[in-house]
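Here is a short report on one protein chain. It starts with a charged pair and then turns to the sheet, the core and a loop residue.

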Amino acid sequence: MKTQIIALDTQEDYLSVRDKLNWSQTGRVMLTWPDTQPILTRLDLVLIQRHSATRGVQLALVTHNAQ
């Protein structure tokens with residue numbers, strides 16, 4: 001199964017990430033975080049996770065922040 005890598009910008013919000021997930025054609029998506037301040041809240045991440053689960057997509061996050 002292929003993995004699509006989506007690089008997030010510092011201007012991303014929940015809706016833009018969800019739109020990018022909707023455009024993905026694979027069952028696995030990896031979101032890469034920029035090196036700046038957190039761009040999404042914990043609630044945004046939960047909503048993105050739920051949206052991915054609804055679509056049957058495995059989601060991975062790549063970030064410098066361990067939390």
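## A charged pair

Glu12 is buried, with a relative accessible area of 9%. This comes from a predicted model. The partner of Glu12 is Lys20, and the two form a salt bridge. Their closest N and O atoms are 2.6 Å apart. Lys20 is partly exposed, at 27% relative accessible area. The cut-off for buried is under 20%, so Glu12 at 9% falls within it, while Lys20 at 27% does not.

How many salt bridges does the count come to? The count is one. In general, side chains of opposite charge can pair when their charged atoms come close.

## The sheet

Three strands make an open sheet. Their order is S1-S2-S3, and the pairing is parallel. Strand S1 (3-7) and strand S3 (58-62) are the edge strands, each pairing on one side only. From one strand to the next, the twist averages 20°.

S1 and S2 pair in the parallel sense over five bridges. On this side of S2, Ile5 stands opposite Met30. The chain gets from S1 to S2 by way of H1, in a right-handed β-α-β crossover.

Five bridges also join S2 to S3, again running parallel. Leu31 stands opposite Leu61 in S3. Arg28 stands opposite Gln58, also in S3. Here the chain crosses from S2 through H2 to S3, and this β-α-β crossover is right-handed.

## Two faces of S2

Which side chains of S2 are buried, and which are not? The side chains alternate along the strand. Val29 and Leu31 point to one face and are buried. Arg28, Met30 and Thr32 point to the other face and are not buried.

Val29 and Leu31 both belong to the largest nonpolar core. Leu31 is also the residue that faces Leu61 across the S2 and S3 pairing.

## The nonpolar core

The largest nonpolar core has twelve residues. Its members are Ile6, Leu8, Tyr14, Val17, Leu21, Val29, Leu31, Trp33, Ile39, Leu40, Ile48 and Val57. Helix H1 (14-23) and strand S2 (28-32) are the elements that give two or more residues to this core. H1 gives the most, with three. In soluble globular proteins, nonpolar side chains tend to be buried together.

Val57 is one of the core residues. What does Val57 touch, not counting residues up to four places away in sequence? The list is Thr26, Gly27, Arg28, Val29 and Ser52. One of these contacts, Val29, is itself in the core.

## A buried loop proline

Pro34 lies in the loop between S2 and helix H2 (42-55). Is Pro34 buried or exposed? Pro34 counts as buried, because its relative accessibility is 18% and the cut-off is under 20%.

Leaving aside neighbours within four places in sequence, Pro34 is in contact with Leu8, Asp9, Thr10 and Ile39. Leu8 and Ile39 are members of the largest nonpolar core. Pro34 and Val62 are 28 residues apart along the chain. Their C-alpha atoms are separated by 9.2 Å.

Key
Residues are numbered from 1 along each chain as its sequence is written. This is a predicted model: local features need pLDDT of at least 70, side-chain atom pairs count only at pLDDT 80 or more; totals for chains, interfaces and linings use all residues. Side-chain values use heavy atoms; hydrogens and water are left out. A nonpolar core is a set of buried Ala, Val, Leu, Ile, Met, Phe, Trp, Tyr and Cys residues joined through side-chain atoms within 4.5 Å. Buried means under 20% relative accessible area, exposed over 50%, partly exposed in between (1.4 Å probe, protein chains only). Helices (H or I, at least four residues) and strands (E, at least two) are DSSP runs, numbered from the N terminus. Contact means heavy atoms within 4.5 Å. A salt bridge is a side-chain nitrogen of Lys or Arg within 4 Å of a carboxyl oxygen of Asp or Glu. Two strands pair if DSSP finds at least two bridges between them. Axes are lines fitted to C-alpha atoms, for helices over the stretch in contact, and angles run from 0 to 180 degrees between N-to-C directions. A crossover is right-handed if, with the strands pointing away from the viewer, the path from the first strand over the helix to the second runs clockwise.
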